[in-house]
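Thank you all for making time this morning. I would like to walk you through one structure, slowly enough that somebody who has never looked at it can follow along.

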Amino acid sequence: MEKPEKRSTAIVLAAGNGRRMNSPVAKQFLLLEDRPVLWYSLQAVEHSPIIDDCILVTGEDDIAHVREEIVDRYGFHKVDAVVAGGRERYESVYRALCVLAEGGLSVPNRDGYVFIHDGARPFLTERILQDTFDAVRAYHACVAAVPSKDTVKLADEEGFAVSTPARRLVWNIQTPQVFDTPLVLAAYFKFMEGLKAGSGQTVTDDASVVELYSDIKVKLVEASYENIKITTPEDLSFAESLLRRMEIYASALTHLHFAK
């Protein structure tokens with residue numbers, strides 16, 4: 001694949017804690033087949049021809065550990081900056097975007113693309129990166145997602161069902177969430193200005209910020225049900241079994257290749 005002229009920067013979020021894992025170790029640092037969960041998404045970024053560089057966001061107290069034990073140890077050369085995250089996800093994303101806006105990368109990314117990904121989603125694939133890359137070039141904003149397998153009910157404040165959206169219209173949102181650089185910078189800066197002014201707006205993902213503070217529609221890009229986020233001990237167990245199945249499948253393909 002020929003490398004596009006516009007640059008693509010990945011923001012990988014790894015500033016969470018182990019609260020829902022009931023663990024003193026943050027979920028992104030837990031071991032998955034002898035490697036930290038965070039390693040897998042950084043590995044996907046490192047080997048993708050689409051991504052030029054990476055801003056890694058982690059806890060302030062974890063910066064030295066992440067640099068030494070993950071970035072340097074495993075040779076993640078695309079990680080150009082490691083920054084401290086905030087208390088909320090949007091604060092962590094905003095701090096990474098400030099690095100972009102202030103020219104904090106070795107090579108500026110002023111009019112390219114930004115891929116925002118959860119470090120606790122270890123099963124990021126090149127296909128997902130390619131599909132979201134194609135979509136952001138066409139639509140300016142997109143998110144990885146999967147159609148909901150379940151019927152969803154909307155509830156009132158007392159917990160009573162009030163409506164049932166058509167299941168074919170309901171999607172479960174994942175990451176990466178990908179945007180034109182100027183678009184996501186402008187939307188996030190407006191959002192943060194609104195917070196400082198007491199707007200009271202709350203968001204749970206980056207697409208919501210773009211939806212609130214721009215006229216751009218966000219395209220849903222079908223990704224994979226395996227692109228899970230590790231949040232609970234059950235998620236980690238499922239990820240371990242999924243990784244083993246992938247390794248068995250890859251091994252079978254290798255043997256089949258050499259048998260020909």
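I will begin with the interior, then turn to the helix contacts, and finish with some individual residues.

Please keep in mind throughout that this is a predicted model, so every value I quote is computed from predicted coordinates.

Let me start with the interior. The largest nonpolar core has 46 residues, and those with the most contacts inside it are Leu-38, Leu-42, Leu-56, Val-79 and Phe-115. If you ask which element gives the largest share of this core, it is helix H1, residues 37–47, with seven residues. Apart from that core lies another one, of 30 residues, which includes Ile-11, Val-99, Phe-179 and Leu-183. As background, nonpolar side chains in soluble globular proteins tend to be buried together.

Staying with H1 for a moment, nine of its 11 residues are buried, so this helix is largely enclosed by the rest of the structure. The buried residues of H1 include Val-37, Leu-38, Trp-39, Tyr-40 and Leu-42, but also Ser-41 and Glu-46.

Phe-115, which I named among the residues with the most contacts inside the largest core, is worth finding on your screens. Setting aside residues up to four places away in sequence, Phe-115 touches Ser-8, Thr-9, Ala-10 and Ile-11, then Ile-50 and Ile-51, then Leu-129, Thr-132 and Phe-133, and finally Pro-176, Gln-177 and Val-178. One of those partners, Pro-176, sits in strand S10, residues 171–180, and the peptide bond that joins Thr-175 to Pro-176 is cis, with omega at about 15 degrees.

Another buried residue to look at is Val-66, which is found in helix H2, residues 63–74. Val-66 counts as buried, because its relative accessibility is 0%, where the cut-off for buried is under 20%. Leaving aside its neighbours within four places in sequence, Val-66 is in contact with Phe-29, Leu-56, Thr-58, Val-71 and Val-82, and Leu-56 is again one of the residues with the most contacts inside the largest core. Lys-27, by comparison, is 39 residues from Val-66 in sequence, and their C-alpha atoms are 14 Å apart in space.

Now to the helix contacts. Two packed helices are described by the angle between their axes and the distance between the axes. How do H3 and H5 cross? Their axes come within 10 Å and cross at roughly 125 degrees, where H5 is the helix of residues 181–196, and that angle makes H3 oblique to H5. The crossing in which H3 passes H5 is left-handed. On the H3 side the contact is made by Tyr-90, Val-93, Tyr-94, Leu-97, Cys-98, Leu-100 and Ala-101, and the residues on the H5 side include Val-184, Leu-185, Tyr-188, Phe-191 and Leu-195. By class, the residues of this contact divide into 14 nonpolar, one polar and no charged.

Within that contact, Tyr-90 is found in H3, residues 89–101. Not counting residues up to four places away in sequence, Tyr-90 touches Tyr-188, Phe-191, Met-192, Leu-195 and Val-203. Tyr-90 and Ser-106, on the other hand, are 16 residues apart in sequence and 24 Å apart in space, C-alpha to C-alpha.

H5 also meets helix H6, residues 206–213, and here the axes come within 9 Å and cross at roughly 80 degrees, which makes H5 roughly perpendicular to H6. The residues that meet are Leu-183, Ala-187, Tyr-188, Lys-190 and Phe-191 in H5, and Asp-206, Val-209, Val-210 and Tyr-213 in H6. By class, this contact has seven nonpolar, no polar and two charged residues.

Finally, some loop residues. Glu-33, in the loop between strands S2 and S3, has a positive phi of about 55 degrees although it is not a glycine, and Glu-33 is partly exposed, with a relative accessible area of 33%. His-140, in the loop between helix H4 and strand S7, likewise has a positive phi, near 80 degrees, in a residue other than glycine, and at 35% relative accessibility His-140 counts as partly exposed.

Is Ser-148, in the loop between S7 and strand S8, buried or exposed? At 11% relative accessibility, Ser-148 counts as buried, and, leaving aside its neighbours within four places in sequence, Ser-148 is in contact with Arg-167, Val-170, Trp-171 and Asn-172.

Terms used. Residues numbered from 1 in each chain as written. Predicted model: local features only at pLDDT ≥ 70, side-chain atom pairs only at ≥ 80, totals over all residues. Heavy atoms only, no water. Core = buried A, V, L, I, M, F, W, Y, C linked by side-chain atoms within 4.5 Å. Buried < 20%, exposed > 50% of the residue type's maximum accessible area, 1.4 Å probe, protein only. Helix = DSSP H or I, 4+ residues; strand = E, 2+ residues; numbered from the N terminus. Contact = heavy atoms within 4.5 Å. Axes fitted to C-alpha atoms, helices over the stretch in contact; angles between N-to-C directions. Parallel < 35°, antiparallel > 145°, perpendicular 65-115°, else oblique. Left-handed = near helix turned anticlockwise from the far one by under 90°. Nonpolar A, V, L, I, M, F, W, Y, C, P; charged D, E, K, R; others polar.
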